2 protein chains.
Amino acid sequence: MPIYLDGNSLGRLPKAALDTADRVVRHEWGDRLIRSWDEAWMGLASRIGDKIGRLVGARPGEVLVADSTSVNLFKLASGALAAREGRPRIISDDLNFPSDLHVLAGLAATHGRALDIVPSPDGIHGPVEEILASLDADVALVSLSGTAYRSGYTYDVERVTRAAHAVGALILWDFSHTAGSVPIDVEGAGVDLAVGCSYKYLNGGPGAPAWLYVRAELAPDLHNPIAGWMGHADTFSFDPRFRAAPGTRRFLTGTPPVLSLAMIEPGVDLLLEAGMDTVRSVSLDMTAFAIDLVDRYLARRGFELRSPRDGHRGSHVTIGHPDALAIDLALIAEQHVIPDFRPPDAIRLGITPLSVGYEEVEEAIGRICTVVDNGDHERFRDVEVGVT
Amino acid sequence: MPIYLDGNSLGRLPKAALDTADRVVRHEWGDRLIRSWDEAWMGLASRIGDKIGRLVGARPGEVLVADSTSVNLFKLASGALAAREGRPRIISDDLNFPSDLHVLAGLAATHGRALDIVPSPDGIHGPVEEILASLDADVALVSLSGTAYRSGYTYDVERVTRAAHAVGALILWDFSHTAGSVPIDVEGAGVDLAVGCSYKYLNGGPGAPAWLYVRAELAPDLHNPIAGWMGHADTFSFDPRFRAAPGTRRFLTGTPPVLSLAMIEPGVDLLLEAGMDTVRSVSLDMTAFAIDLVDRYLARRGFELRSPRDGHRGSHVTIGHPDALAIDLALIAEQHVIPDFRPPDAIRLGITPLSVGYEEVEEAIGRICTVVDNGDHERFRDVEVGVT
């Protein structure tokens with residue numbers, strides 16, 4: 001078994017998910033067929049959503065599993081912009097996912113708003129002070145990744161949320177790299193809207209459908225631009241006229257991919273059982289351990305730390321090196337270590353307490369030294385970039 | 001095993017799909033982990049899309065699997081409206097899926113257009129002549145279900161498409177009930193845009209992600225309102241600025257639900273192996289057989305046929321009865337026959353040649369007679385409506 005340091009990109013398969021797959025495919029689909037909609041599937045998006053809600057501090061009914069992160073971001077951001085008509089600005093930062101920036105830029109164009117992408121001062125830390133300074137009554141929406149996919153920088157969610165509210169803006173967090181790695185309290189922090197993926201720290205499986213959160217009090221005032229039958233107040237009335245469901249459910253659209261949806265539950269159950277405070281405490285300790293090893297062994301081999309050293313880091317540690325891609329490929333091909341590469345020159349070491357141990361972190365750093373010391377990466381220089 | 005007459009709503013599990021599930025879950029996710037993106041998953045949406053493309057007469061690259069039918073409809077319809085700026089009308093009919101009408105009504109509102117829902121003359125047949133008569137240079141988009149979900153009425157796709165083009169409008173077909181049941185030749189008919197689900201006649205599994213078709217020549221002129229990384233010209237550049245992929249791929253958005261996506265392939269393979277002409281020929285014969293039984297045995301028991309008698313029908317036969325819901329519930333609970341109910345008073349008998357035989361059709365009609373003759377449905381009158 002390789003040392004897997006990519007749980008921040010695709011979490012491992014929980015053992016219990018094997019039973020889930022078997023049950024859904026053979027029994028629910030194969031035997032029960034259409035009856036399973038009543039017996040098992042109709043409530044799945046909200047039942048699993050409620051469990052994710054417990055991980056992020058939401059109340060029952062506020063989190064639903066649906067669509068992809070980008071589609072959910074589109075729906076919630078569009079709803080937010082319509083609710084803040086007359087305010088011309090959307091704020092984000094350049095640590096955000098490119099896909100989120102694509103969605104926001106597209107919405108800015110169609111809604112006649114301007115997207116201000118505030119630059120990080122160093123490519124690592126979130127531009128908190130700059131964002132706070134830029135807030136004014138022209139801001140409709142602030143949309144940020146809670147944890148930056150590249151550096152792992154993690155925002156003080158409550159501070160930025162309160163600041164957005166102080167100028168009357170709405171806030172939409174992408175917690176794809178935060179949920180399951182860092183405790184979140186959306187209710188306590190007053191968060192309006194959030195989305196997140198389920199296939200990273202939630203271990204929901206490749207491309208598992210994403211989740212969305214809409215604060216209950218806000219839902220009745222927000223409009224889903226992609227109205228579909230699953231968001232209808234009475235789905236099975238087959239009413240040709242749309243009437244939005246009263247709460248967060250109005251943001252559902254079409255039929256969910258049941259198999260991928262059901263597979264999310266076992267990973268979420270593991271996190272609930274472990275408890276987010278424990279997960280976070282171990283994660284902070286293990287990432288500190290990794291950073292110490294980076295300082296001691298990798299710095300003199302040409303690596304530099306690209307993640308925050310303080311408590312603002314998430315659960316992955318990023319290291320930069322001019323030969324990062326070749327080293328990453330050599331690690332995978334010859335050292336049975338699987339991190340991931342992010343262009344142009346960064347390697348992310350995903351340190352997920354549920355599936356990675358201290359010994360593995362230490363061993364992986366040792367193997368990185370071996371690759372560099374032996375020059376094993378030299379022959380990977382010309383390999384085509386893939387998805388690693 | 002029950003007599004399953006609901007393959008038009010959720011197709012049966014193909015045997016080969018058991019191996020697919022096992023391979024994707026245990027091997028690709030469990031063992032190969034993130035490496036499977038390169039090895040198997042990255043090309044899945046287009047590889048399976050191309051196979052669906054062969055079922056509907058599209059060229060390679062024109063069909064992709066993504067999102068839900070409603071989300072795809074939103075994206076394509078939005079792109080079409082932007083490409084027909086200045087034309088105030090959208091045309092649909094009242095046989096269309098409610099979810100499609102919700103999406104179109106939503107787009108009409110945000111794009112400042114009017115949605116004309118042309119009524120069917122009898123609730124069964126498509127209002128072809130009325131639609132053709134209503135076409136003029138004000139029409140931006142015609143969007144219809146190729147096969148009506150309720151009656152099974154199937155449009156002459158080429159005729160309506162040509163008529164839309166004659167006034168300069170674009171056309172967007174929802175082939176959810178057509179693909180896999182009726183041969184389609186999107187290229188020959190000149191179809192611009194199409195969407196369809198994968199869980200009915202394609203047997204892709206519950207909520208399997210949908211597919212979308214964009215005619216290759218048209219793609220460069222169309223704008224996807226939900227720009228995301230999977231539609232970027234260079235997905236793994238992590239480029240913060242969006243550049244649309246040149247062809248149909250620009251209509252992808254986020255990461256697909258891999259497990260549900262992969263499960264689509266075995267059912268599509270079965271249809272390709274059988275051949276759509278054969279499937280259609282058997283389907284027409286079996287539905288004619290069913291209609292004959294309806295005439296002979298059910299008409300005198302208070303049922304009326306709600307599907308076309310001619311070749312404009314799809315692969316399900318709809319029957320109306322004042323006690324349809326109670327009869328449907330009694331059939332499922334006591335007669336091991338699974339059709340589905342559509343409010344207010346219709347039962348659909350899905351007759352899918354790949355998984356239903358003549359004897360089963362005859363036996364099912366006999367059991368309907370038994371229920372009605374014995375009054376077995378009487379005690380199901382007050383049962384809460386579910387998803388059947």
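In this predicted model, B:C197 has a relative accessibility of 2% and therefore counts as buried, since the term applies under 20% relative accessible area. The corresponding statement can be made for chain A: A:C197, at 2% relative accessibility, is likewise classed as buried. A disulfide is a covalent bond between the sulfur atoms of two cysteines. Over all chains, the structure holds zero disulfides.

A residue with the opposite character is B:K15. Its relative accessible area is 77%, so B:K15 is exposed, the term being used for values over 50%. B:K15 belongs to helix α1 of chain B, which comprises residues 15-31. Along the sequence, B:K15 and B:P266 are separated by 251 residues, yet in space their C-alpha atoms are 8.2 Å apart.

The arrangement of the two chains may now be considered. In general, two copies of a chain are related by a rotation about an axis and a shift along it. Here, a turn of 180° and a shift of 0.0 Å along the axis lay chain A on chain B with an RMSD of 0.0 Å. This is the relation of a two-fold axis. Within chain A, the C-alpha nearest that axis belongs to A:S260, at 2.8 Å from it.

Through which surface do the copies meet? Of the interface residues of chain A, 100% are also interface residues in chain B, and the copies therefore meet through the same surface.

How values were computed: Residues numbered from 1 in each chain as written. Chains lettered and ligands numbered in written order. Predicted model: local features only at pLDDT ≥ 70, side-chain atom pairs only at ≥ 80, totals over all residues. Heavy atoms only, no water. Least-squares fit on C-alpha atoms with pLDDT ≥ 70 in both. Contact = heavy atoms within 4.5 Å. Disulfide = S-S within 2.5 Å. Buried < 20%, exposed > 50% of the residue type's maximum accessible area, 1.4 Å probe, protein only. Helix = DSSP H or I, 4+ residues; strand = E, 2+ residues; numbered from the N terminus.
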